[in-house]
Amino acid sequence: MDISLHLYLAFVAASLVILVIPGPTIVLVIGQALAQGRRVAFASVAGVALGDLIATGLSMAGAGAILAASATLFQMLKFAGAAYLVWLGIKMWRSPITLPDITTETAETAPAAPLLPVFRDSFFVIVLNPKGILFFVAFVPQFIDPAGAYASQAIVYVLTFTVLGILNATAFALAASSARRLVRRPSVLKAVTRTGGSLLIMAGAAAALTRRAA
């Protein structure tokens, strides 16, 4: 492998610090787990996985450089992502709360919820975030060993970041779904879910107001 061990471990440590700070995607995963349960939350985690893989892969393949050079393209993607976050926040705010029945809810008896929209929402939150793509372009080169081949190092970093993102989102999903089974008061679940929806709306508004770094 062309990556030195100390650079790789530094990348893993830095990535973990970045990932454990909940962003809009994790808020969405937590909200899905609280409102719908673990099965639906895992569909959201799958969307996070594919979104991370594509966004980071495109970043290292040159999409980040294109976004950095094109103000118009950056603005278009930024506003699309911001509008999507606001829409998701409104949808989460209005989503009904279903209480789990611990005595009867099993994989066979639990009501089936549509998983594709949940997967889609998490996926688009990531890929419609130009700041994330540009951040990865600025973040990864700090750990590239100039003596090694760029392509092989980039692939390792992209796959590592994706796996860490999956583990992080899964941990939040499991914690939130466990909390859902403990907190069985509809008013509490509704308050938490609406708080998550409000955070997504605020994240969308903030994203729309941010400027591209010079």
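**View 1. T160, a buried residue of the predicted model.** With a relative accessible area of 11%, T160 is buried, since the cut-off for that class is under 20%. The model shown here and in the views below is a predicted one. T160 is found in helix α7. Setting aside neighbours within four places in sequence, its contacts are Y8, F11 and V12. Two of these names, Y8 and F11, return in the ring cluster of the next views.

**View 2. Y8 and Y157, a stacked aromatic pair.** Three aromatic pairs turn up in a search of the whole structure. In one of them, Y8 and Y157 are stacked, with 6.5 Å from centre to centre and 15 degrees between the planes. Y8 belongs to helix α1 and Y157 to helix α7, so this pair ties together parts that lie 149 residues apart in sequence. How accessible are the partners, Y8 and Y157? Y8 counts as partly exposed, because its relative accessibility is 21%, while Y157 counts as buried at 0%.

**View 3. F11 and Y157, a tilted aromatic pair.** Stay with Y157, and look now at its pairing with F11. The ring centres of F11 and Y157 are 4.4 Å apart and the planes meet at 45 degrees, so this pair is tilted. F11 lies in helix α1 and Y157 in helix α7, so the pair ties together parts 146 residues apart in sequence. F11 is buried, its relative accessible area being 0%. Taken together, ring pairs link Y8, F11 and Y157 into a cluster.

**View 4. The largest nonpolar core.** Step back from the rings to find the largest nonpolar core, which has 16 residues. Which residues have the most contacts inside this core? They are F11, M60, F136, V140 and Y157, so you will recognise F11 and Y157 from the tilted pair. At least two residues of the core are supplied by each of α1 (5-20), α6 (130-139) and α7 (150-182). The largest share comes from α7, with five residues.

**View 5. M60 and its contacts.** Here the focus is M60, one of the residues with the most contacts inside the largest core. Not counting residues up to four places away in sequence, M60 touches F136, V140, Y150, A154 and V158. Among these partners, F136 and V140 also appear in the list of residues with the most contacts inside that core.

**View 6. Another core.** Apart from the largest core lies another, of 13 residues. I26, A33, I133 and A173 are among its members.

Note on methods: Residues numbered from 1 in each chain as written. Predicted model: local features only at pLDDT ≥ 70, side-chain atom pairs only at ≥ 80, totals over all residues. Heavy atoms only, no water. Core = buried A, V, L, I, M, F, W, Y, C linked by side-chain atoms within 4.5 Å. Buried < 20%, exposed > 50% of the residue type's maximum accessible area, 1.4 Å probe, protein only. Helix = DSSP H or I, 4+ residues; strand = E, 2+ residues; numbered from the N terminus. Contact = heavy atoms within 4.5 Å. Phe/Tyr/Trp six-rings, centres within 6.5 Å; stacked < 30°, edge-to-face > 60°.
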